[in-house]
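Trainee: Please take a close look at the cavity in this model, and follow it to whatever it shares with the chain interface.

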Amino acid sequence: LIPGPFEYHQPGTVDEAVALLGQYGDTGQLIAGGHSLIPMMKLRLAVPEHLIDLRRVEGLTGIEEEGGALVIGAMITQHELIGSSLLSEKCPILRETAETIADPQVRYCGTFGGNVANGDPGNDMPAVMQCLGAEYLLHGPNGARSVAAREFYDAAYFTARADDEILTAVRIPTPPAGHGFAYEKLKRKVGDYATAAAAVVLTLETGACVSASIALTNVGSTPLYAEAAGQALVGTRCDGEAVGEAVRLAREITEPASDMRGPADYRTHVAGVMVARAVARAVGRAAGSADGK
Amino acid sequence: MSKVQIKMTVNGQAVEDQVEPRCLLIHFLREQLNITGPHIGCETSHCGACTVDLNGMSVKSCTVFAVQADGAEVLTIEGMAEADGTLSAIQEGFMQEHGLQCGYCTPGMITRVYRLLQENANPSDEEIRLGLSGNLCRCTGYQNIVKAVRYAAEKINAQREAAE
């Protein structure tokens, strides 16, 4: 399993990296943590002639809160994300999700930016970003722009990022203090991709749901923002009837493939189970739940 | 493709050589440096037999290009024993608790445990199992590996307390 030959580039700035992407066009490829790309290169499913390594690029490794949002640099690894006390305090669903990704060795290398940007429907962070209403900051030859996570994914491995653009950071509106959250993921074994998974973020006031957001992983060719399912909870007490309706609406938008993780019907079923479990856990964690927490 | 000059520190020794950019770190270690402790198991970043410590991170050296490790500090199983040749507490734990049978996964296991115990001096059994979830063993059933890690943690902590 030897990758095809390539020339190796180590730009020091975002502009240099963008210029290299422009210069090499289809024959150039960005590498961040490499834990999706290198396996593809070994199988010769990816045969870049020019590999542009982002590890020395300045300014991609911050974690900050500014203007009511958490801004996470694209080269932050899953390991660093898990270790961030700011993120654990302000947006703990990120840590809960990162801990379900692969295994410790992979999390030391695998980056947050790579996970959201490469467009693999099995990746966990994209649905969580849709759930949180995140924005992706992209840099290209004409400067910067931002794209909502909910608008970013077109199909498996096809995204709104242009070939000569680089994801530099993700901006997540800081969820309100006391929000409830959960990422529920069914997998065949530790480290596997999801058979189906659901991200839920909600807020309660005296037991009633004020806002709710739900998104699904690996039950379609893209992550799925289940807007109607979230809306079905708002104004309810997240009782059995409301959750049942959210589950039904979430299942309705799934289009999973039948593969070694199970037939399509089963994965649609599991997606609903994950939604119900995630809602229950999020309600239990939220301030303002009916039992007075 | 032209070769690239890289240098790194492996088990405390400065090394320097030329590699093709596509050369994986595991191949650089084994074939160019003759450091054959890290093993090639699956070659698909699942089994962890090739685990080495790279700049304070456990990594699967089959999924890192040698050029990405340019300038790095690398530690392999060859660098685990004490300077006088006595086994480290982790190695001793694997021996005393029968944490290996065929031994193929052991260099990767021990190298991973080294980093795990640096980050968490008192891991619970669950934390040990999750911490080793990137290392597969087909012989032991893991029970004795968990015991070996516990043995090592206790010994390292006892030594630390004695020194204080």
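Mentor: A cavity here is a set of points, on a 1 Å grid over the protein atoms alone, where a 1.4 Å probe fits but cannot get out; lining residues have an atom within 4 Å of a point. Grid points are joined across faces, edges and corners, and a volume is the space filled by probe spheres set on the points. This is a predicted model, in which local features need pLDDT of at least 70, side-chain atom pairs count only at pLDDT 80 or more, and totals for chains, interfaces and linings use all residues. Residues are numbered from 1 along each chain as its sequence is written, chains are lettered from A in the order in which they are written, and side-chain values use heavy atoms, with hydrogens and water left out.

The structure holds 1 cavity of 30 Å³ or more, and the largest has about 30 Å³ of space. Its lining includes B:His39, B:His46, B:Cys42, B:Cys47, B:Cys50, B:Cys62 and B:Lys60. By class, that lining has 4 nonpolar, 5 polar and 2 charged residues (Cys counts as nonpolar, Lys and Glu as charged, Gly as polar).

B:Lys60 leads on to the interface: its side chain meets that of A:Asp103 in a salt bridge, at 2.6 Å from N to O (a side-chain nitrogen of Lys or Arg within 4 Å of a carboxyl oxygen of Asp or Glu). Across the interface of chain B and chain A the rule finds 1 salt bridge. In contact there (heavy atoms within 4.5 Å) are 31 residues of chain B and 29 of chain A.

Key. 1 Å grid on protein atoms, 1.4 Å probe; cavity = no way out; pocket = protein on both sides within 12 Å on 5 of 7 lines; lining within 4 Å.
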